[in-house]
Structure formats: structure tokens, C-alpha cells
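Me: Hi! Could you help me read this one? I'd like to begin with the vocabulary.

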Amino acid sequence: MVKLYHSPHSRSSGVHSLLRLMGKETDVDIQIVHIKRQGGLGQGDPSNPHPEGKVPLLEVEGGYIRERGAIMLWLTDHYDSALGRGPNHPARGNYLSWLFYYGNVVEPILYLTYLDMADNKMVYEWCRDQATMFQQIENALKKHQFLVDDTLSAADILVSAPFQWFPDLIPETGLVRDWFDRCMAAQDTQFIDSYDAEQMKVLGLPSLEEIYEDA
């Protein structure tokens, strides 16, 4: 049995999008859970076995996998998906590098930028800065259409995900903007957004529009 613990409009939405692109959405049991959210919304959920009460969490035969990169790696390997790059694929190393680069560099930099903390010298020594991060993405895109090669991969879904929340951080034109647009066009974002909006109602939470209006 494979089960994804998911909360709408959260970090787990990208994993749901990956499952849909893989055609495995009905092969994995998706369990909707509460999580604590910014602004005091939401709550803990005793049905969520994640040790920190977060999502996503993947349950596999009684064991658990957390962190998006690890979950996406397991899913694409397990289902031998074209969105992954299997152990014998020549681009395997590049694929693994981008999955881990996301958690170690991309997400920390974006959130520290959002919090106006990214210019701290210690932060740069730890995980680089936004300009360096974007340069690395551009360097990859000078070689091929997507991060790993010329075909969409789970790494693109993962790395592009936070820019849906922080679109103003992406340059208005250029390689990164074009790549982001390709990533969005390849996914069924309308379905995922509608699904998550309906699940917000089920959980008794306001819509994203209402949340932003009150912000």
C-alpha cells in the first residue's frame, strides 16, 4: 500500500501534481489532513503520522518517507516513470543533484529573501544567494529546455513549485521565466487548484482569495 498524506495548498500539492502527470493518482491513496498554517489557520491532525505534523508524507508498507525530493525520487523510481531518471539513466546524476539542490539551496534562499534575511553573509556561506541560485538555473537552461535535459522531470516540478507562491521573484523575461512557463503548461494546474480549493472547504478553511484579502 502507498499512501500520500496531503493538505491542500501546501508543499504536498506538487507531489499530487507529479502523481497526476505520472498517471498514478488512483494507485496512491491520498489522505487529506489538517496542518498548522501561517496566520494561525489550521491545526494539528492526529491522523497524520509525520513527526512534525507536516506534509507531504508518503507511507509505503508501514514505513514512511518525508521531504519532497525524497518522495519524488521514490515515486519516480518505484513506478519507473519517464518523469524520473532511473539508476541506469545517463542523466541520473543531474536528476539527483537538482532534487537535492532544491532543499539545500532554492527553498532556503527564496524564503530568506521573502523575510529580508538573504543578504546576511552567514546565509551566503551556508546556501549562496538568490543571484547565484538563478545563475545555476540559467546555466542548466542554456544547455537544454529543462533542468535535467530536454524533457520535463520531477526535478522541474519540485524546483518550480515555490515560484507559484512567489512569482514576483522570477525575472519577467528570459530563460528562467520561459522555463517556469513550460513547467506550468506541462502540469494540470487547474485541476490541482480546483481539487485543493474543494478540500479547503472540506477542512473548514477559507479559500486562498479570502486568506489574501485578510492579509
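Reply: Sure! A residue counts as buried under 20% relative accessible area, as exposed over 50%, and as partly exposed in between (1.4 Å probe, protein chains only). This is a predicted model, where local features need pLDDT of at least 70 and side-chain atom pairs count only at pLDDT 80 or more, while totals for chains, interfaces and linings use all residues. Residues are numbered from 1 along each chain as its sequence is written, and side-chain values use heavy atoms, with hydrogens and water left out.

Me: Ok, let's try it. Is D188 buried or partly exposed?

Reply: D188 is partly exposed, because its relative accessibility is 31%.

Me: And which residue does D188 form a salt bridge with?

Reply: Its partner is R20, and their closest N and O atoms are 3.0 Å apart. The two sit in distant parts of the chain: R20 belongs to helix α1 (residues 13–22), D188 to the loop between α7 (175–186) and α8 (189–202), and 168 residues separate them. Helices (H or I, at least four residues) and strands (E, at least two) are DSSP runs, numbered from the N terminus.

Me: What is a salt bridge, exactly?

Reply: The term is used when a side-chain nitrogen of Lys or Arg is within 4 Å of a carboxyl oxygen of Asp or Glu. Side chains of opposite charge can pair when their charged atoms come close.

Me: How many salt bridges are there by this rule?

Reply: The count comes to 9 salt bridges. R20 takes part in another one, with E25, again at 3.0 Å from N to O. R20 is partly exposed, since its relative accessible area is 30%, whereas E25 is buried at 19%.

Me: Nice. What does R92 form a salt bridge with?

Reply: R92 bridges to D77, with 2.9 Å between the closest N and O atoms. R92 is in helix α3 (residues 92–114) and D77 in helix α2 (residues 68–78), so the pair ties together parts 15 residues apart in sequence. R92 is buried, with a relative accessible area of 14%, while D77 is partly exposed at 30%. There is also a network in which R11, R68 and E107 are joined by salt bridges that share partners.

Me: Switching to strands. Which strands is β1 joined to?

Reply: Strand β1 (residues 2–6) is joined to strand β2 (residues 29–32) by 4 bridges, and the two run parallel. Another 4 bridges join β1 to β3, this time antiparallel. Two strands pair if DSSP finds at least two bridges between them.

Me: So what stands opposite K3?

Reply: K3 has a neighbour in each partner strand: D29 in β2 and E59 in β3.

Me: How does the chain cross from β1 to β2?

Reply: It passes through α1, making a right-handed β-α-β crossover. Right-handed means that, with the strands pointing away from the viewer, the path from the first strand over the helix to the second runs clockwise.

Me: And how many residues of β1 are buried?

Reply: 5 of its 5 residues are buried, so to speak "mostly covered". V2, L4 and H6 point one way, K3 and Y5 the other way, and all are buried. L4 faces I30 in β2.

Me: Helices next! At what angle do α5 and α7 cross?

Reply: The axes of α5 (residues 130–141) and α7 cross at roughly 75 degrees and come within 9 Å. Here axes are lines fitted to C-alpha atoms, for helices over the stretch in contact, and angles run from 0 to 180 degrees between N-to-C directions. The two helices are therefore roughly perpendicular. For such labels, under 35 degrees is roughly parallel, over 145 roughly antiparallel, 65 to 115 roughly perpendicular and the rest oblique.

Me: Which residues meet there?

Reply: From α5 there are F134, I137, E138 and L141, and they meet L175, V176, W179 and R182 of α7. Contact means heavy atoms within 4.5 Å.

Me: Last one: where is the cis peptide bond?

Reply: It joins V55 and P56, with omega about 5 degrees. P56 is in the loop between β2 and β3 (57–60). For backbone angles, look also at E61, whose phi is near 50 degrees, a positive value in a residue other than glycine. E61 lies in the loop between β3 and β4 (63–66) and is exposed, with a relative accessible area of 64%.
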